[in-house]
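Q: Can you walk me through the empty spaces in this one, and then the sheet?

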Amino acid sequence: MYWCKIARSEHEFEEIAKLTYDTFVEEIPQHAPHPSGKRQDVFHHENTYLIVLKNQQLIGMIALRDQRPFSLDKKIGEVEQALPKEALEGKLCEIRLLSVRKEYRKGRVFFLLARAFADYAYEKGYGAAVISGTVRELKLYRQLGFEAFADPVGNEEASFVPMYLTKQRYEQSIAARFQQKKHTFFPGPNELTQELKDVFQRSPISHRSYEFSERLIRVQEKLKNLSGTEYVHLLSGSGTLANEAMMAQISLLKKKGLILVNGAFGERLMHQAKRWNLEFDVMNIEWGQSFEKQDMNNLINKNAYGWLLAVHGETSTGMLNDLYELRELCKENGIHLCLDCISSFGALSFNLKGVYLATGVSGKAIGSMTGLAFVFSNHLINESLCLPTYLDLGGYAEGKIPFTVSSQMLEGLEVALETYTNDNRYAKLNERFSMLREIEQQLELEFLTQQGYPMIVTFKTKSLPQYLGDDARLSGFDLHDQSLYLKEREWVQMSIIQPNFEQSFEKFREWLSNYLAYEKQ
């Protein structure tokens with residue numbers, strides 16, 4: 001298996017020094033021989049090394065730096081004076097070294113390195129890279145997207161051409177055309193199946209048309225059947241908008257409430273509630289931990305709460321809070337239960353009967369495109385003149401379409417909901433979740449919580465190398481680790497909702513097994 005990572009260990013730096021010697025001393029006589037058989041780059045401590053491995057063996061590398069002056073600055077003057085305009089949009093970096101062992105000099109290995117570099121450069125905000133390309137490999141450099149921008153430098157034995165590479169040139173290169181598909185494990189937005197892509201290629205129709213109205217009725221019936229609720233209100237927007245509309249209704253209760261927080265999205269509800277000037281207490285516990293019913297009861301007995309607000313599926317931890325326990329608690333105490341089900345709705349079957357308000361979205365587990373938000377209720381909501389018009393759920397009640405809704409979004413949602421026929425979608429997500437459980441056991445990983453649900457898992461930091469997410473990206477696997485709350489805790493997540501999960505997961509499983517074995521050496 002070929003894969004990439006960033007070099008960090010002394011062992012890796014030693015292997016890089018050997019490869020540098022083989023290439024730039026013995027093969028290209030750029031430097032004098034040395035009995036050690038190793039050569040360390042003069043800017044070693046400023047370089048970042050992207051390496052490519054075959055299983056456990058280092059077979060190639062790219063060394064880059066962004067400290068000035070570049071080596072090319074010393075040879076031809078400031079490179080900006082010679083570079084075309086397209087290469088001057090963003091920061092510049094220099095590729096100091098590019099080398100692959102002779103026996104592995106196939107397009108595939110170079111292309112893999114090029115993609116890793118392109119991904120890394122994009123993430124770091126580099127607009128272009130410059131390189132001194134050996135005249136012996138000009139064809140290869142051009143296949144990677146490099147273009148000459150100055151006359152050759154060096155001597156007859158070691159001649160180099162100043163070349164540059166931009167993101168656009170890489171994307172138009174032969175290397176980009178033959179690169180492997182990226183494997184995405186994000187909890188949204190979703191990649192679309194071909195059937196859904198076809199929907200969004202169709203011409204839009206009016207939201208006032210008969211066809212649209214009939215589709216809306218069908219979609220609402222399916223959503224009510226899946227949720228077990230009496231009413232559903234569709235809005236154009238994200239899950240945050242759905243929660244705002246839910247907050248608007250809570251504000252009409254004119255009562256003090258309780259917000260449960262054990263993750264980032266519970267905290268978001270709390271901040272939204274503050275903006276609505278709601279009166280509430282907060283029960284804040286460690287992220288990924290379960291709320292104890294007795295603790296909640298003790299708090300409720302001391303206060304006269306009219307509503308309780310919580311996240312059902314807490315995306316930030318992969319934790320599923322106990323809907324049925326919360327519903328029983330609220331029923332016993334005459335409290336309106338309001339739930340953020342944005343990540344849980346569509347991931348597993350549950351019934352919202354008896355819940356006052358709950359939210360969901362067209363993206364996430366349902367698998368369609370993000371853009372439609374829903375608020376469920378078990379009571380008829382009337383219009384209220386004291387609420388912002390767009391957030392007043394009474395305007396959406398009983399099938400009303402008060403504002404423009406994308407017909408493609410609605411049709412895409414209907415297509416996605418068809419996958420729940422005979423609980424097929426639930427079964428598929430459960431199978432995927434079981435596959436994750438298998439690697440937890442086989443590779444001795446540890447999930448942050450055992451109260452998970454078939455949508456996303458969080459890997460415990462202590463069970464994984466610190467730079468797992470970074471190295472996975474360089475090998476073509478996009479794990480979820482870039483949100484601020486994840487970066488702060490150095491957590492890595494993996495979602496199972498993308499359409500090609502099975503194929504992507506098998507490749508990731510092989511990579512992860514190899515990666516963990518390598519890191520334990």
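The chat below covers pockets, cavities and one sheet.

Q: Anything to know before we start?
A: This is a predicted model, where local features need pLDDT of at least 70 and side-chain atom pairs count only at pLDDT 80 or more, while totals for chains, interfaces and linings use all residues. Residues are numbered from 1 along each chain as its sequence is written, and side-chain values use heavy atoms, with hydrogens and water left out.

Q: What volume does the largest pocket have?
A: About 490 Å³. A pocket is an open set of points on a 1 Å grid over the protein atoms alone, with protein on both sides within 12 Å along at least five of seven lines.

Q: Which residues are closest to its centre?
A: F24, Q30, R96, L97 and F160, out of 29 that line the largest pocket. Lining residues have an atom within 4 Å of a point.

Q: Which element gives the largest share of that lining?
A: β4, with 7 residues. Strands are DSSP runs of E, at least two residues, and helices are runs of H or I, at least four. By class, the lining of the largest pocket has 12 nonpolar, 8 polar and 9 charged residues.

Q: Now the cavities. How many are there of 30 Å³ or more?
A: The structure holds 4. In a cavity, a 1.4 Å probe fits but cannot get out. The largest cavity has about 100 Å³ of space. Of its 15 lining residues, L234, Y396, K400, I401 and V405 are the closest to the centre.

Q: And the second largest, what's in its lining by class?
A: 10 nonpolar residues, no polar and no charged. The volume of the second largest cavity is about 60 Å³, and α3 gives the largest share of its lining, 4 residues.

Q: On to the sheet. What's the strand order?
A: The order is β10-β18-β17-β16-β13-β11-β12, an open sheet of 7 strands with mixed pairing. Two strands pair if DSSP finds at least two bridges between them.

Q: Why is one side of β10 and of β12 left without a neighbour?
A: Both stand at the edges with a single partner strand each, so one side of each has no neighbour in the sheet.

Q: How do β11 and β13 run?
A: They run parallel, joined by 3 bridges. I259 stands opposite L309 in β13.

Q: Which strands does helix α12 touch?
A: Helix α12 packs on the sheet against β11, β13 and β16. Contact means heavy atoms within 4.5 Å.

How values were computed. Points joined across faces, edges and corners; volume = space filled by probe spheres on them. Nonpolar A, V, L, I, M, F, W, Y, C, P; charged D, E, K, R; others polar. Axes fitted to C-alpha atoms, helices over the stretch in contact; angles between N-to-C directions.
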